[in-house]
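I opened this entry to work through the strand pairing first, and then to look up a buried position and the cysteines.

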Amino acid sequence: QVQLVESGGGLVQPGGSLRLSCAASGSIFSIYAMGWYRQAPGKQRELVARLTSGGSTNYADSVKGRFTISSANAKNTVYLQMNRLKPEGTAIYYCNADSRTAVGASDYWGQGTQVTVSS
């Protein structure tokens, strides 16, 4: 089992910045990748950014060049630095851990943190 706790959401003006944090605990040795997803009202949850244990990253086209995913603390904490935020970035942001063990793969989710981009 992996537990994820997010922090750092809030209200920001368009063009502003926020940094989200996600701390993982539990069976962190099994984590293959961690990522951030978001879900806006009335829309499906979508991938924002993902970081594998090997250091590979991928980003949604809509955030490339503005968002950066990184990790620290022996990779049990992942960050999402969000710059030049746009109103369409308003959503609940969820941290995800992709866990791989001998018995299979599992997805774990945090509780979500609200990001609101508005003037």
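I began with the pairing of S1 and strand S3 (residues 18-26) in this predicted model, and found that the two run antiparallel and are joined by six bridges. For one register point I looked up Ser7, whose bridge partner in S3 is Ser21.

I then traced the sheet around this pair, which is open, has four strands in the order S1-S3-S8-S7, and is paired in antiparallel fashion. Because strand S1 (2-7) and strand S7 (67-72) stand at the edges with a single partner strand each, one side of each is left without a neighbour in the sheet. From one strand to the next I noted a twist that averages 20°.

Next I turned to the cysteines: how many disulfides does the distance rule give? The count comes to one, and the disulfide joins Cys22 to Cys95, with 2.0 Å from S to S. I noted that the pair links distant parts of the chain, since Cys22 lies in strand S3 and Cys95 in strand S9 (residues 91-101), 73 residues apart. The link of Cys22 and Cys95 is left-handed, with -85° about the S-S bond, and I recorded both Cys22 and Cys95 as buried.

Last, I looked up Thr52, which is found in strand S5 (residues 46-52). Is Thr52 buried or exposed? Its relative accessible area is 12%, and because buried means under 20%, I entered Thr52 as buried. Leaving aside neighbours within four places in sequence, I found Thr52 in contact with Tyr32 and Ala33.

Definitions and conventions. Residues are numbered from 1 along each chain as its sequence is written. This is a predicted model: local features need pLDDT of at least 70, side-chain atom pairs count only at pLDDT 80 or more; totals for chains, interfaces and linings use all residues. Side-chain values use heavy atoms; hydrogens and water are left out. Two strands pair if DSSP finds at least two bridges between them. Axes are lines fitted to C-alpha atoms, for helices over the stretch in contact, and angles run from 0 to 180 degrees between N-to-C directions. Buried means under 20% relative accessible area, exposed over 50%, partly exposed in between (1.4 Å probe, protein chains only). Contact means heavy atoms within 4.5 Å. A disulfide is a pair of cysteine sulfur atoms within 2.5 Å.
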